[in-house]
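Please follow the chain in the structure below while reading the paragraphs after it. The account moves from single residues to a pair of helices and then to the confidence of the model.

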Amino acid sequence: MRALFAGVQSLIFIVLWFSAQSAIAQQSGMYDTVVAASSAQIEVAKEEITSLEEQIVQLQNNIKHITEALNNPASSNAIIKQGDLNQARIELEQEQLRQDNQKNRLITLDKTIEDTKATTQQINTQLQKLANPLATNDNEQNIDQETLQNRLERNERYHSLLQEKRKRLNHIIELDRQYVALLSTRYQRYNERYLENDDARRNSSEAPSDLESQSQQLIKERDRLNMVLRDSSLNSEQRLHHNILIAILNKQIMFNAIGEEVSQIEQRMQELQFVDFSSVSLERIRREQSELEAFRSRLNDANIRLDNNFTTIKDQYELFSNQKNGIPELIAQQYADMQRTHQDIGSALDNNLFSVALLKEKIDGEFTTVSKNYLKRQFRFGGSIMALPQIAQNITTAFGTFAGQYLVSAKTLLDALKNMPLMRWVMLTVAVVAIILVTISVTIWNNRLSKRYRKHIRMGFAPRFLLFIFGMLKHNFPYIGFLLLSLTLVHVAQLSAPSYGLLLLPAILMLMIAIPYFAMRILIDTQLLETTDNYRVVRIVGILSAIGSILFALVMMAEQILNDQTTIDTFRWIYGVYIALVTLPMWHAINRAVSFLNGYYSEFYTYRILRVVVYIIPIGFTLFTISSLLGYLNFAWLSAQYLLYLLLVALIWIGFLALCKDASLWAKRYALLNTNNGVFWAQDVIGPLHTILRYGSLLLLAWLLLRIYGWNSHTPVLSDFLTLLKKPLFSSSTDSQFTLMNILLMALLIYIVFRIGSWLKSFSYRWIYSKVVDLGIRNSLAVFSQYAAVTFGFLLALRIIGLDLTTFTVLAGAIGVGIGFGMQTIANNFISGILLLIERPLRSGDIISVGGYDGTVERIGMRSLTMTTFDNESVILPNSDFVTSAFKNWSHTDQLKRMVLYFDISYRHDPAEVEGVLMNELQEMLALGELSDQEPYMKNRAFAFGCSERGITYRVQYYWHLLDHDFATTRHKLITRIWQACKRNGFEIAYLKHDIYFPEHQDQDAHKVLPLPFAPPHNHKNGE
């Protein structure tokens, strides 16, 4: 393994060395005259540096002033007006936009510095060749060495000015960050005080708006009318007039409040219309999208409140006008003013809703464009191969920068801890003790659970997977506790970036190394994985995870500390090369592991889900490798982040499924052993609850992933997908409801409805109708409950997806025609099934004979009936056969059935004696419970029934119960007893006899034929 790592490291350095040599060779082969910086560019750079220095001084003054204002106790008691709040918000947003623009300027400046440096190197190359006395290149003979030297000096001067400009610009970006943080703090404080001091704002010197002034006048008028109403001298008519006038004033005051809210939203949208969203970050665009969604929700709510209140006052006014012949002019005028206010605010609401829609469409388009540009940005090693030496130098310098930044972060933490007040020390101590106690408790709890599951000799996949999860928590929770301690420390110390992230990075690095290492160990310990050399595999995984974690930590440090995007992308590209080296061995290892597990756990659904999830790892590595090597680093890292979230959430979900399965089996076993209705609880309660938890957790998983990803309807991928689903399948406007989304949603709802209907049938049969003694009635009621639930659910599903049932009239007619022709057999069987359930000529459990089949009815379905024959064969018969044809139902009315047995006894026996013996046998069988009877008519009898050529025919009729006796067994016992009784009493069972005569010749008379044939005389002659 050490040799492999050394070889990979040597390969990387060889590639970088050859790239640097290629860049030098390419530079030395360029003979064209280059264009150096001009004097005008140098002067412009000096002016820009002076301007940047002025901006630095201005920002420092602004930071000083706002810090003093925030720390001034007197400012905390000042009354914040609406204009102050708006001004603070505008300043904050403008400074945020300015900060984004400065970062873009820095990126452009870095590109210019790289180009200037490359130009300087080219000029140096030409000067060195001119100094060579043996050079004979005709292209360089006309070049003045002094001119080139001047160009070199100007270019070096310009390059140094650009470096100074870059330092100033970095300083401005840092000051901008501090200034934005202070402005954000000020805006938050202003917002809090603005909400708390509503009354103070009304009495301030701020000039109120027209609506606010009008509302104040209306409030005064309303208060005056309320005072007048207290006068007891007013008659009923005057009181009625005052009450309707007060109601109108209240509604108009409410309308004015809605108008003020609409006016504020309109002002904010006017500000957003002039923002250039193409130059801001994706996070900023997401914030504005969320703000627009909130505006639309507020406007829709205001529109509903406006219409509801206007409808209420309109009804009151109409009732008042119907009671009075003439309406007072004051009331009519006030009502007219309220109507105009309602119309004006309604128009403003409609206009603002339209403006929100337009602005939202604009921002969504900008978000899509910025997102696609971000994902399509390609890393090209600084633009050319000549930049590789500079990139290698930047990487070498970056390690020193990392070490220095860690020293600064440690010093910052120590200073923060020294200056931390006593209360924060107490909070930190309590948090540290709590984390340590929780870590120890969770570790002990995991040990107990692991011992509990290890007691099982035979474990399925779910217990083994739970054992794996418990083992992972046991071994990794100390590292998680260390991460929580680090997080608590930097949070209580109130550290800012990059110190915040750098101090958390060691704990994250340790956790990244521990997770793969212990995962491999526990997989082998729990027999979920088997290899020929377990310890060697664990050691290799630990080394690879350590290397990958260190490279990942370098990428994180580069993103937090460095400002050169090219150097940051280089670290990310190197990490992609490392992932490319480990992808193929990972595919091989996962294939071997899955092949091993398939032989043991392929029948467990939790394993089948885990098998799909496990393949996400090599697929993600392959996608990350291809994207990184092609230079699409943003796409590679974003896709890796999404796949990592998917993997973590999916593993948690599979663990939850394993817990649910284990709990479900335990609950079913407990219900069957300790409850009276164990089958009901196991099949109709615990089973459906388990299914609901499985599918519900899947929906929760999808929702959680969308929340983690930050995806919504504005995300380009989801937006395009939803647009495709909502597109009408037909071009006609009347078919606009037939979209792919509606069809998929209807299919899902119908599936859910049928599952609920099937469960309701079983649930109602075992629980709701359990007191119904007749099993047939109980089954019919359960089936009707299922039909009702399915029908109601189907209609409800159509309404949920927005389909108008009136539009199905033509479809219903077509279905009727189809039933009349092609579907008449299906309709016949369906209606026959309903008739069988209503009339109940047969029920589930009945013993029937139909069409040559004898058996028990198992189920009466919507189209067919299922019966099980006595040969244990399932026979499916159409329902219409039982309506149009005859069949025999043995258990329709009574379970007691009669069977008849006939046999003959010789004439020489006394019939009375024979009857007595037979009756005695029947009584003995009845006493033993082998036969049944029922007084007074259903009694076992034996009597002489007729005469035949064999003897007297006796009829034995006996009764047997369908539930207590078996037909074949009872008949066998009866025949056996009769034969034994006849033998015991000397009764000869008569059977048909024939006498055979052999005539001597053909014409001999029958009466002369001897009864027995004569045997021919035996001739002993000649030994015969």
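Thr884 is exposed, because its relative accessible area of 62% lies over the 50% that marks an exposed residue. In this predicted model, the place of Thr884 is in helix α26, which covers residues 879–884. Although Thr884 and Ser832 are 52 residues apart in sequence, their C-alpha atoms are 9.2 Å apart in space.

Tyr751 offers a second single-residue case, being found in helix α22, which runs over residues 740–768. With a relative accessible area of 42%, Tyr751 is partly exposed, a value that falls between the 20% under which a residue counts as buried and the 50% over which a residue counts as exposed. The C-alpha atom of Tyr751 is separated by 10.0 Å from that of Val790, a residue 39 positions away along the chain.

Helix pairs come next. Helix α17, made of residues 605–614, packs with helix α18, made of residues 616–629, at an angle of about 15°, and their axes are 5 Å apart. Since angles under 35 degrees count as roughly parallel, α17 and α18 are therefore roughly parallel to each other. On the α17 side the contact is made by Val612, Val613 and Val614, and on the α18 side by Ile616, Ile617 and Pro618. Sorted by character, the residues of this contact of α17 with α18 comprise six nonpolar, no polar and no charged.

Helix α18 itself can be examined further. At 1.5 Å a residue, its 14 residues should span 20 Å, and the C-alpha atoms at its ends are 20 Å apart, so the expected and modelled spans agree. The buried residues in α18 are Ile616, Pro618, Gly620, Phe624, Thr625, Ser627 and Ser628. What covers the buried residues of α18 includes α16 (565–601), α17 and α19 (633–674). Just after α18, Gly631 takes a positive phi of about 100°.

How far the predictor trusts these coordinates is a separate matter. What pLDDT does the protein average? The average is 77, and 79% of the residues score at least 70. Over residues 1–33, however, pLDDT stays under 50, and for this stretch the model has 29 contacts beyond four places in sequence. Residues 134–142 likewise have a pLDDT below 50, and this stretch has six contacts in the model beyond near neighbours in sequence.

Key
Residues numbered from 1 in each chain as written. Predicted model: local features only at pLDDT ≥ 70, side-chain atom pairs only at ≥ 80, totals over all residues. Heavy atoms only, no water. Axes fitted to C-alpha atoms, helices over the stretch in contact; angles between N-to-C directions. Helix = DSSP H or I, 4+ residues; strand = E, 2+ residues; numbered from the N terminus. Parallel < 35°, antiparallel > 145°, perpendicular 65-115°, else oblique. Contact = heavy atoms within 4.5 Å. Nonpolar A, V, L, I, M, F, W, Y, C, P; charged D, E, K, R; others polar. pLDDT = per-residue confidence, 0-100. Expected span 1.5 Å × (residues − 1). Buried < 20%, exposed > 50% of the residue type's maximum accessible area, 1.4 Å probe, protein only.
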